Amino acid sequence: MGRLVLDNLKLSLGGKPILNNVSIDFWDGHVHAVVGPNGAGKSTLAATIVGLGGYTDVDGDITFDGESICSLSVDERARKGITLAWQEPARFEGLTIRDFIKASAHGNGVDVDAILEQVGLDPGSYRSRAVDKTLSGGERKKVELASILAMKPKVALLDEPDSGIDIESIERIFDAVRLLKEQGATVILITHSLAVLNQAEHAFLMCHGKVVDKGPVAKIRHYFEDKCIPCDHKNTPEVYDLGGQV
Amino acid sequence: MSTKLNVINDLYSYTQSNPHELDDPEVAHLIINENHVLGMHALPGLEVDVKELDDGIKAALTLTAGTVIAKPVHLCFGMTPERGVQRIIMDVTIEAHAKISLLAHCVFPFAVDVQHIMDARIRIGEGAEYRYFEKHVHSPAGGVKVYPKAMVEVGPDALFQTEFELIQGRVGLIDIDYDATCEARSLLDMSARISGRADDYIKISETARLVGERAKGVLTSKIAVREKARAEVYNKLIATAPYARGHVDCKEIVQDQGTATAVPIVDVQNPKAHVTHEAAIGSVDNKQLETLMSRGLTEDDAVETIINGLLSR
């Protein structure tokens, strides 16, 4: 049984259905990818799992270790170990990177310098800088990932973890994904990127708020290679035999 | 003598500064408790003349031309009694091309009904530099009323930088009134960071007049008001000279039943001058809040972390 289970999850925003009967078992300690075109509902799915404001009025259920978490707030879900690295992380005037990472560790001892090195940031240059607009988008993404590592989550959702990251640093990001897995975390990668998809063990293809395909990465990779989606509102290539797996 | 030292150590214990820094012969200092001079140490080129008044002190501080004081000068104005008035009248002259940095602690740890009145006249000579950091430590009772007032003249090519911090203890009432005139190519940087709670009242009125060509001025206020605290910020930048540049920046975080007002006034009287302003008032940014909560912080802890960051140096 998966640690995190979505059961017929439905969510509408402004009267428009965004998630439509999404059912997924995320396997404990595995790396998953959720892929799909813009507007498929991937980031909404992440926001719904962590319980961000505006994403809590759901039908269906989200269970974690067998218990429904739908009624829990963001921080309550986080204290159970579920967190999100944002696609466009927030900036904090005056809050140092060191204090931000320590806050994410919430009282547990944390080696800030070691974590900064893990995401490719020189501790001497970064630990005392503020998590503010003086950081580039890529630097801010690395700090976000560092804070996730400090938290040692049970479920880590990483929304577009490679966006804004330079080519030299991308392997650091993938190292961090592997480290999260080694720590026992269930990792969920929300991505458009084939390189990120390749870090996963299992993948789910979303379109129009639905999961339209799932399986090993090698199967879902066809989406990138052929740039088409087996979905009733898009083109449905004949070469794919879904075999009732969706 | 030992009593004086005890009081000094007591005052410093609230400031997170080390009183033994005062033992350094290269560190000038002036320590005042109520209307008594507890300690004073000047340096060559730094003249300090202090008179005790019935309700405070009157001090003239002069840095002679070309003198550079390497280490920050320590000022400590405190009142250990629960009630009373402390009036500080300061006359500061920084002569041409002199440089000084001052670290002032204003400590009222037991105040129930204390007034601290600062009335300063500051003249910064041509090419001189004056940096002033004033840190207040108040009692948790909110019984302090602080009235800092300063008239500042910043000479040609001179630097005037002042930073006011009141985030430890309750504000009580603070009414800042600074007025500065900046001559050609001078640089003025005035900032305040204040955290109010309960029924604290914060008022800041700062005016900078950029009268000299290429003078630059920045007025920055960062304020948090929680519970029923109130804040009013009136920052005014007047640019009358060509190529004068200025910016007014006010950030206020409002929580609970707190209220905040910001009135940035930009007055440009020369077509070659340029002044901007930015004011942001409101609750804590939701994305910041949810980011910290998604790391497991409670909402209250997340708000505290965000405010502490905003108000940090």
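In which handedness of crossing does H2(B) pass H3(B)? The crossing is right-handed, and the first view below shows how the two helices meet. This is a predicted model, in which local features need pLDDT of at least 70, side-chain atom pairs count only at pLDDT 80 or more, and totals for chains, interfaces and linings use all residues. Residues are numbered from 1 along each chain as its sequence is written, while chains are lettered from A and ligands numbered from 1 in the order in which they are written.

**View 1. H2(B) packs against H3(B) at an angle of about 120 degrees.** Their axes, lines fitted to C-alpha atoms over the stretch in contact, with angles run from 0 to 180 degrees between N-to-C directions, are 9 Å apart. That makes H2(B) oblique to H3(B) (under 35 degrees is roughly parallel, over 145 roughly antiparallel, 65 to 115 roughly perpendicular, and the rest oblique). Right-handed means that the near helix is turned clockwise from the far one by less than a right angle, and left-handed anticlockwise. Helices (H or I, at least four residues) and strands (E, at least two) are DSSP runs, numbered from the N terminus. From H2(B), B:Gln288, B:Leu289, B:Leu292 and B:Met293 meet B:Glu299, B:Ala302, B:Val303, B:Thr305 and B:Ile306 of H3(B); contact needs C-beta atoms, placed from the backbone, within 7 Å. Six of these residues are nonpolar, two polar and one charged (Ala, Val, Leu, Ile, Met, Phe, Trp, Tyr, Cys and Pro are nonpolar, Asp, Glu, Lys and Arg charged, and the others, Gly among them, polar).

**View 2. Both chains help to cover the buried residues of H3(B).** Among the buried residues are B:Ile307, B:Gly309, B:Leu310 and B:Leu311 (buried: 20 or more other C-beta atoms within 10 Å; exposed: 12 or fewer; partly exposed: in between). Their cover includes helix H3 (97-104) of chain A and strand E11 (159-168) of chain B.

**View 3. Here 21 residues of chain A are in contact with 20 residues of chain B.** On the chain A side, H2(A) gives the largest share, four residues. That side has 12 nonpolar, six polar and three charged residues.

**View 4. H1(A) is largely enclosed by the rest of the structure, because nine of its nine residues are buried.** A:Lys42 and A:Val50 are among them. Just after H1(A), A:Gly51 takes a positive phi of about 85 degrees. A:Ser71 and A:Gly51 lie 20 residues apart in sequence and 8.8 Å apart in space, C-alpha to C-alpha. A:Ser71 counts as exposed, with 8 C-beta neighbours inside 10 Å.

Methods:
Two residues are in contact if their C-beta atoms, placed from the backbone, lie within 7 Å.
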